[in-house]
Amino acid sequence: MFGINLYRVAGISMQPRIPAGSFVLCMSAFSRTRLTLGAIYLFDHPRLGELIKTLVKIDNAGNLWFKGENDTSISSQEMGPIRSGRVIGKVTLIISA
């Protein structure tokens with residue numbers, strides 16, 4: 001409803017920026033043409049399912065590259081490029097656990 005959804009973060013891959021067990025509000029009604037480097041997005045990874053990660057690069061082909069904030073997170077290279085159509089929403093609020 002209204003393009004805003006609440007999600008609970010599992011795992012430590014986004015710590016310390018988002019502590020494990022925290023809740024995030026995601027806004028799905030946003031312009032994919034205005035993706036912001038350094039912002040946090042929820043996206044559907046083809047192998048790993050729904051992930052919350054930080055956008056670190058948009059390559060010349062328009063592919064998105066994400067990373068976790070914690071050293072234990074899967075690397076950008078392991079995740080591979082993500083198409084913008086797989087982005088579900090932008091994290092707009094973090095409610096720490």
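This is a conversation between a trainee and a mentor about how the terms used for this predicted model are justified.

Trainee: What makes β1 and β5 edge strands in the open sheet?

Mentor: The open sheet has six strands in the order β1-β2-β6-β3-β4-β5, and the pairing is antiparallel. β1, residues 4-8, and β5, residues 64-67, each have a single partner strand, so one side of each is left without a neighbour in the sheet. From one strand to the next, the twist averages 50°.

Trainee: How do you know that β2 is paired with β6?

Mentor: Two strands count as a pair when at least two bridges are found between them. Five bridges join β2, residues 23-27, to β6, residues 87-95, and the two strands run antiparallel, so the requirement of at least two bridges is met. Within this pairing, C26 stands opposite V91 in β6, while the bridge partner of V24 is I94.

Trainee: What pairs with β2 over five bridges in the antiparallel sense, apart from β6?

Mentor: That strand is β1, which pairs with β2 in the antiparallel sense over five bridges. One of the contacts joins L6 to its bridge partner L25 in β2.

Trainee: Which residues of β2 belong to the covered face, and which to the uncovered one?

Mentor: V24 and C26 make up the covered face, whereas F23, L25 and M27 make up the uncovered one. In a regular strand the side chains alternate between the two faces of the sheet.

Trainee: Why is the pair of Y41 and F66 called edge-to-face?

Mentor: Two rings pair if their centres lie within 6.5 Å, and planes over 60 degrees apart count as edge-to-face. For Y41 and F66 the values are 6.4 Å centre to centre and 70° between the planes, so both conditions are satisfied. Y41 lies in strand β3, residues 40-45, and F66 in strand β5, so the pair ties together parts that are 25 residues apart in sequence.

Trainee: Why, then, is the pair of F43 and F66 called stacked?

Mentor: Here the centres are 4.2 Å apart and the angle between the planes is 20°. Planes under 30 degrees apart count as stacked, so the name follows from the angle. This pair also links distant parts of the chain, with F43 in strand β3 and F66 in strand β5, 23 residues apart. The count by this rule comes to two aromatic pairs, and ring pairs link Y41, F43 and F66 into a cluster.

Trainee: How do you know whether the residues of that cluster, Y41, F43 and F66, are buried or exposed?

Mentor: The cut-off for buried is a relative accessible area under 20%. Y41 has 0% relative accessibility and therefore counts as buried, F43 also has 0% and counts as buried, and F66, with a relative accessible area of 1%, is buried as well.

Trainee: What makes V87 a buried residue?

Mentor: V87 has 2% relative accessibility and so counts as buried, since the limit is under 20%. V87 is placed in strand β6, and its C-alpha atom is separated by 9.9 Å from that of L35, which is 52 residues apart from V87 along the chain.

Trainee: How do you know which strand gives the most to the lining of the largest pocket?

Mentor: The largest pocket has a volume of about 160 Å³. Its lining includes Y7, R8, V9, L42 and E50. The elements that give two or more residues to this lining are β1 and β4, residues 49-58, and β4 gives the most, with four residues. By class, the lining has seven nonpolar, one polar and three charged residues.

Trainee: What do we find in the hairpin of β4 and β5?

Mentor: β4 and β5 pair in the antiparallel sense over four bridges, and K57 stands opposite W65 in β5. The hairpin has five residues between the strands, and G62 takes a positive phi near 85° there.

Trainee: Why is the peptide bond from Q15 to P16 worth pointing out?

Mentor: That bond is cis, with omega near 10°, and P16 is placed in the loop between β1 and β2. Most residues other than glycine have a negative phi, and most peptide bonds are trans.

Conventions: Residues numbered from 1 in each chain as written. Predicted model: local features only at pLDDT ≥ 70, side-chain atom pairs only at ≥ 80, totals over all residues. Heavy atoms only, no water. Axes fitted to C-alpha atoms, helices over the stretch in contact; angles between N-to-C directions. Buried < 20%, exposed > 50% of the residue type's maximum accessible area, 1.4 Å probe, protein only. 1 Å grid on protein atoms, 1.4 Å probe; cavity = no way out; pocket = protein on both sides within 12 Å on 5 of 7 lines; lining within 4 Å. Points joined across faces, edges and corners; volume = space filled by probe spheres on them. Nonpolar A, V, L, I, M, F, W, Y, C, P; charged D, E, K, R; others polar. Phe/Tyr/Trp six-rings, centres within 6.5 Å; stacked < 30°, edge-to-face > 60°.
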